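Student: Please take a close look at one part of the surface, and then set it against the rest of the chain.

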Amino acid sequence: MEKDNTSSFEGFILVGFSDQRPWLEFPLFVVFFISYIVTIFGNLTIILVSRLDSRLHTPMYFFLTNLSLLDLCYTTSTVPQMLVNLYSARKVISYGGCVAQLFMFLALGATECVLLAVMSFDRFVAICRPLHYSVIMHQRSCLQLAAASWITGFSNSVWLSTLTLQLPLCGPYILDHFLCEVPALLKLSCVDTRANEAELFFVSVLFHLVPLTLIFISYAFIAQSVLRIQSAEGRQKALGTCGSHLIVVSLFYGTAISMYLQSPSHNSKDQGKMVSLFYGIIAPMLNPLIYTLRNKEVKEAFKRLVARVFSIKK
């Protein structure tokens, strides 16, 4: 990224809400800190329970483990810097830190888009093709699907980050945001960014609307199969395995699409901040709560793990 005065450039100033609502900084610090602790504890719990309980060694929980790991990395790439900036008067992020944050945020966001589509495919096979489930979703296929999600997400980040970082910037280097995100960086550019905005829109369609369409198609077939189930218990069980995933999809895609499928120049001053906070902090915190509170198998596995820990201590 070219700067107009590299000799005096030390980093970017992340404004957050300090320009107009400084009284929000302490409440936000408390909220972010609690959310981060809950996110770490919740996602680590799901990872440990899924790995240590042999009854959860299934494709569904393998992908859930990937989602939990992704959410851990997602929040860790942004929240610690946010907490530092909210606590201190000097709200600066170094150029290298901004580049790293931009790259990881783009990579992990795109990975989650693809991974959620993969998880819907797993539910489609489990409900609509139960007799072929073990053949289609065998260990090698699951590893390949998970690897494809991560590789696709990071490849997208390499491309989009490179395009963004090549833009010349005009000082002062003040980002009206909590983090280094593409729409905020585009507003600092000295040149016409319409081409970059078009590329960002194309990537957003590719990673938001295409996976979301595949998710809708999967659940359309799932709904047809569920309606053919005679027993109410069997129907409830089939829907129970999908309910948590649908809630997570709604939370993540709803906010991400409202952020990226419009021109950065049309975002209101605070809209981008609030939307980014939701899908970057709140959603990763809610995901493990949604899966544990609604999932009987996870709750029972957690109880077994706790009982095992206390029995070892005795």
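**A nonpolar surface patch**

Tutor: Phe202 is partly exposed, with a relative accessible area of 46%; partly exposed lies between buried (under 20%) and exposed (over 50%), with a 1.4 Å probe and protein chains only. This is a predicted model: local features need pLDDT (the predictor's confidence in each residue, from 0 to 100) of at least 70, side-chain atom pairs count only at pLDDT 80 or more, and totals for chains, interfaces and linings use all residues. Residues are numbered from 1 along each chain as its sequence is written, and side-chain values use heavy atoms, without hydrogens or water.

Phe202 belongs to helix H8, a DSSP run of H or I with at least four residues, numbered from the N terminus. Together with Trp159, Leu206, Val210, Leu214, Ile217 and Phe221, Phe202 forms a nonpolar patch on the surface with about 640 Å² of accessible area. Such a patch joins Val, Leu, Ile, Met, Phe, Trp and Tyr side chains within 5 Å, from residues with over 30% relative accessible area and no salt bridge (Lys or Arg side-chain nitrogen within 4 Å of an Asp or Glu carboxyl oxygen). Areas follow the Shrake-Rupley method. Helix H8 (residues 194-228) gives the largest share of the patch, 6 residues.

In the interior, the largest nonpolar core has 83 residues; a core joins buried Ala, Val, Leu, Ile, Met, Phe, Trp, Tyr and Cys through side-chain atoms within 4.5 Å. Phe32 is among the residues with the most contacts inside this core. Overall, 51% of the 314 residues count as buried, and the mean pLDDT of the chain is 82.

Key
Patches are made of residues with over 30% relative accessible area and no salt bridge: like charges are joined within 9 Å, nonpolar side chains (Val, Leu, Ile, Met, Phe, Trp, Tyr) within 5 Å. Accessible areas come from the Shrake-Rupley method with a 1.4 Å probe; for residues, only the protein chains shown count as cover. Helices (H or I, at least four residues) and strands (E, at least two) are DSSP runs, numbered from the N terminus.
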